[in-house]
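Here are a few friendly notes on the ligand site, for you to read alongside the model. I begin with the contacts and then turn to the pocket.

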Amino acid sequence: MTTGCEFKPGLEGIPAAQSSISFVDGKNGILEYRGIPIQELAEKSSFLEVAYLLIWGELPTYQELEDFKNDILYHRRIKYRIRDMMKCFPETGHPMDSLQTSAAALGLFYSRRALDDPEYIRHAVVRLLAKIPTMVAAANSMRKGNDPVQPNDSLDYAANFLYMMTERRPYDLQAKIFDICLMLHAEHTINASTFSAMVTASTLTDPYAVIASAVGTLAGPLHGGANEEVLLMLEEIGSVENVRGYVETCVANKQKIMGFGHRVYKVKDPRAVILQRLAEELFELEGEDPYYKIALELEKIVEEKYGHKGIFANVDFYSGLVYRKLGIPSDLFTPLFAIARVAGWLAHWKEQLGVNRIFRPTQVYTGVHNQIYIPVEKRS
Ligand code: ACO
C-alpha cells in the first residue's frame with residue numbers, strides 16, 4: 001500500500017516547521033540569527049545578548065540585557081544534591097553522557113509549571129543557561145577527583161566558564177574568543193539536535209527533558225561529536241607529509257573525513273571561516289598548534305578531491321584547535337557546543353510552544369501482512 005508521499009531519507013529538504021529564529025543560505029555561505037549576519041554578531045555582540053535575541057526575538061535594551069545577565073549570574077550555582085549525584089558518575093564516562101543526565105536531573109528540582117506562563121519560561125531559560133556550564137565544569141573537576149570550582153561572580157559568562165575549568169582567570173583575549181565561539185555555535189536552524197528538542201517540546205514535557213534529549217542527539221559523531229573526532233584524526237595523520245595518503249585512503253574506502261561536509265552548506269561554513277581566524281589570533285598570542293599545518297594541508301587536499309561535490313570545512317573543523325589552545329580537553333569539545341546551543345534549543349522550544357501541534361510523522365511500511373503466529377516450540 002502506498003501513502004502517496006515520497007520518502008526522503010533523513011527528511012532532506014522537507015520543511016518540518018516554520019521558524020523565524022535563524023536562516024542559512026548554504027550556496028552562498030550565509031548564516032543569520034533573527035536576520036542579523038553571524039559575522040556582525042561575532043564582531044559586535046556577546047553570547048548572552050545573542051541568546052536573548054534568539055529566545056525573545058529582539059535585541060535587548062541596555063536594562064533588559066543587564067537584568068538577564070544578573071539573573072544568570074545569580075543562578076550559576078548547582079544544588080549540592082546534583083553535585084553529589086554527579087560524584088557517582090564513572091570517571092571514564094563521556095562528558096556528554098554526564099551532561100545529558102544532569103540536564104535531565106534539573107527537572108527533578110524545578111517543578112513544572114504552566115508552559116504558557118511567561119515567568120516559568122524565563123525561569124527555565126535562566127536556569128538552563130546558567131547551570132549547564134557549571135555542570136560541565138563540575139563534572140570535569142570531579143572526574144579528576146577534585147572539588148568543583150565555584151563560579152566567580154566577578155567574571156562574565158565566558159570568562160567564568162574558563163575559570164571554572166582551569167581555576168585561573170583567563171586573559172581578555174581568551175575570554176573574548178571563547179565568547180565568540182559560543183555565539184557561533186548558538187543556533188543553526190533545524191538540525192538533528194534542534195529537531196529532537198522540537199519533537200520533545202511538542203509533547204509539552206518540561207524544558208529540562210527538551211534540553212536533555214537535544215544533548216543526547218548532539219553527542220553523535222555525525223553531529224556535534226565531530227569536533228572531537230577531528231583532533232583524533234589530526235593526531236592519527238601525524239604529519240603534513242601523511243595528509244595526501246590519508247585522504248586517498250578515505251576516498252578509496254569511501255570513508256568520511258571528519259569536520260567536512262554539511263547537509264546545507266555547499267561552500268566553506270561561514271563559522272569555520274571565523275573560527276580559523278580566531279585560531280590564528282590565539283596562535284599569535286600563545287604559539288601555533290602543532291596540528292594547524294596538518295589541518296591546513298588537509299583542508300587543501302579535501303577541497304581538491306571533494307570540492308566538486310560541495311564538501312568543505314564545517315564548523316567542527318577548526319573549533320577543536322581553538323578549544324585545545326584554550327586548555328580544554330578534547331572530550332569536552334562537544335559539551336562546549338551544547339553550552340552554546342542551549343540558546344538555540346530554548347529559542348525553538350519557545351517558538352514550538354507558541355504554535356504547538358505534536359509531531360507525528362507517517363512512515364512507509366515495508367513489512368509483511370497476515371503472517372501466521374508459530375508457537376515457540378514449533379519454530380526452527
Ligand atoms: N568526507 C568524505 N565524503 C563526504 C563527507 C566527508 N566528510 N561528507 C559527505 N561526503 C560524501 C558522501 O560520501 C556522499 O558521497 P556519495 O554521493 O558519493 O555517496 C556525499 O558526500 C553526500 O554525503 P551524505 O552523507 O549523504 O550527506 P549528508 O547531507 O547526509 O551528511 C554530514 C552531512 C553528516 C555532515 C556529512 O557530511 C558527514 O558525515 N560529515 C562528517 C562528519 C561531520 O563533520 N559532522 C559535523 C557536521 S556539522 C554539525 O553537525 C555541527
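1. An oxygen atom of the ligand is 2.9 Å from a side-chain N or O atom of N314; a polar contact here is a pair of N or O atoms within 3.5 Å. On its own the ligand exposes 920 Å², and the protein buries 71% of that (Shrake-Rupley areas with a 1.4 Å probe).

2. Please bear in mind that this is a predicted model, where local features need pLDDT of at least 70, side-chain atom pairs count only at pLDDT 80 or more, and totals for chains, interfaces and linings use all residues. Residues are numbered from 1 along each chain as its sequence is written, and side-chain values use heavy atoms, with hydrogens and water left out.

3. Two further contacts are worth a look. R263 places a polar side-chain atom 2.7 Å from a ligand oxygen, while I257 has a backbone N or O atom 2.7 Å from a ligand nitrogen.

4. Both residues are also among those that come nearest of the 18 around the ligand, together with K256, F260 and K309 (a heavy atom within 4 Å counts as near). This shell divides into 9 nonpolar, 5 polar and 4 charged residues. Ala, Val, Leu, Ile, Met, Phe, Trp, Tyr, Cys and Pro count as nonpolar, Asp, Glu, Lys and Arg as charged, and the others, Gly among them, as polar.

5. The ligand sits in the largest pocket, with more than half of its atoms within 2 Å of the grid points as the criterion. A pocket is an open set of points on a 1 Å grid over the protein atoms alone, where a 1.4 Å probe fits, with protein on both sides within 12 Å along at least five of seven lines; lining residues have an atom within 4 Å of a point.

Terms used: A polar contact is a pair of N or O atoms within 3.5 Å; within protein, one must be able to donate a hydrogen and the other to accept it, and residues adjacent in sequence count only if both atoms are side-chain atoms.
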